[in-house]
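Here are a few exercises to try with the model open beside you. Have a go at each one before you read its solution.

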Amino acid sequence: MPIDPNAEIEITAFEWVPRFAQGYVRDLRPRWACEEMGLPYRERLISAMSKPEWYFRDQPWAQVPHLRDGEISVFESGATLVHLGDKGDLTPVGGQARASVLSWTFAAFNSVEPLVFEWANVAVFSRREEWATLRRPSLRKQLGERLDRLQDALGTREWLAGAFSIADIAMITVLRSADDTGLLEERPALAAYVARGMERSGFKAAMEAQLAVFLAHTPPAKQEA
Ligand SMILES: N[C@@H](CCC(=O)N[C@@H](CS)C(=O)NCC(=O)O)C(=O)O
């Protein structure tokens, strides 16, 4: 079990978030990478509602995750994956293999996640706004086309870029958030890819660790009778 209060690596995460966000908070990414490589990490928990002022020095917007590895401080979940991947076997050391893994990692965060994030906004958070209703059809089409090309690029491969890598942690955590669009169901190879990732013991352990924190810090008013 990689959680170890004395570990060199520290992951900052929220101590509690509302139910709809549980299991989707981005500290899942570095947790998953640590679990895959058997790297011990300790948790540093902060409140999502009342972010401590000192935390803005580690993460400019006081978002999670933040990663500390000895003297090294890393923010942005993608950067935490790159840092961790280099400590083990989740990122190849050089050549085309490394370039492909980094390309797909950035593709997840720059070419897919923004559309998924926008979908959450128009379909959930701002769903009652007229502009959101107007934007939904074109966004669904745009995201669908992006997923079509992604599915084509994946082809019959098990993982995006050779062996399982940080690129898969990046892409699968992004795609999971698109569950409610129905777009994955329409693309069985992509849905199977996401399911394959979520079947890994590293994913399950990371998820369990995130959820255990929320359970332990559920505010009394939110506890079920
Ligand atoms: N691009 C950042 C986004 C981080 C992010 O949005 N984190 C969310 C949790 S999943 C957060 O901290 N939200 C609270 C806020 O933005 O104030 C990353 O990937 O690390």
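**Exercise 1.** Find the residue that forms a salt bridge with Arg 26, and work out which parts of the chain the pair ties together.

*Solution.* Keep in mind that you're looking at a predicted model. Start at Arg 26 and look for a carboxyl oxygen of Asp or Glu within 4 Å of a side-chain nitrogen. You'll land on Glu 113, with the closest N and O atoms 3.2 Å apart. Next, place the two residues: Glu 113 lies in helix H3 (residues 95-125), while Arg 26 is in the loop between S1 and H1, so the salt bridge ties together parts that are 87 residues apart in sequence. If you go on counting by this rule, you get 18 salt bridges.

**Exercise 2.** Arg 26 turns up again around the ligand. List the residues that surround the ligand, then pick out its contacts with N or O atoms of Arg 26, Gln 63 and Val 64.

*Solution.* First, the surroundings: Phe 14, Val 25, Arg 26, Arg 29, Lys 51, Gln 63, Val 64, Pro 65, Glu 76 and Ser 77. Now go through the three contacts:

- The side chain of Arg 26 has an N or O atom 3.4 Å from an oxygen atom of the ligand.
- For Gln 63, a side-chain N or O atom sits 2.9 Å from a ligand oxygen.
- Val 64 uses a backbone N or O atom, 2.9 Å from a nitrogen atom of the ligand.

Finally, how much of the ligand's accessible area is covered by the protein? On its own the ligand has 510 Å², and the protein covers 72% of that.

**Exercise 3.** Check the backbone at Ala 62 and at the peptide bond from Val 64 to Pro 65. What stands out?

*Solution.* Begin with the background: most residues other than glycine have a negative phi, and most peptide bonds are trans. Now look at Ala 62, which has a positive phi near 55 degrees. Then take the bond from Val 64 to Pro 65: it's cis, with omega near 10 degrees. Where are these spots? Ala 62 is in the loop between S2 and S3, and Pro 65 is found in the loop between S2 and S3 too.

**Exercise 4.** Work out the strand order of the open sheet of four strands, and say which strands stand at the edges.

*Solution.* Take it pair by pair.

1. S1 (residues 9-14) and S2 run parallel, joined by six bridges. In this pair, Ala 13 has Leu 45 as its bridge partner.
2. S1 and S3 run antiparallel, with four bridges. Here Ile 11 stands opposite Leu 67.
3. S3 and S4 are antiparallel as well, over four bridges. His 66 has Phe 75 as its bridge partner in S4. The hairpin of these strands has two residues between them, and Gly 70 takes a positive phi near 65 degrees.

Put the pairs together and you get the order S2-S1-S3-S4, with mixed pairing. Strands S2 (41-46) and S4 (72-75) each have a single partner strand, so they stand at the edges with one side left without a neighbour in the sheet. On average, neighbouring strands are turned by 20 degrees against each other, direction ignored.

**Exercise 5.** Which strands does helix H1 (residues 28-37) lie across?

*Solution.* Follow H1 over the sheet: it lies across S1, S2 and S3 (66-69), running at about 145 degrees to S1. Then look for helix H7 (residues 201-216), which packs on the sheet and touches S1 and S2. The direction of H7 makes about 40 degrees with that of S2.

Note on methods: Residues are numbered from 1 along each chain as its sequence is written. This is a predicted model: local features need pLDDT of at least 70, side-chain atom pairs count only at pLDDT 80 or more; totals for chains, interfaces and linings use all residues. Side-chain values use heavy atoms; hydrogens and water are left out. Two strands pair if DSSP finds at least two bridges between them. Axes are lines fitted to C-alpha atoms, for helices over the stretch in contact, and angles run from 0 to 180 degrees between N-to-C directions. Contact means heavy atoms within 4.5 Å. A residue is near a molecule or strand if one of its heavy atoms lies within 4 Å of it. A polar contact is a pair of N or O atoms within 3.5 Å; within protein, one must be able to donate a hydrogen and the other to accept it, and residues adjacent in sequence count only if both atoms are side-chain atoms. Accessible areas come from the Shrake-Rupley method with a 1.4 Å probe; for residues, only the protein chains shown count as cover.
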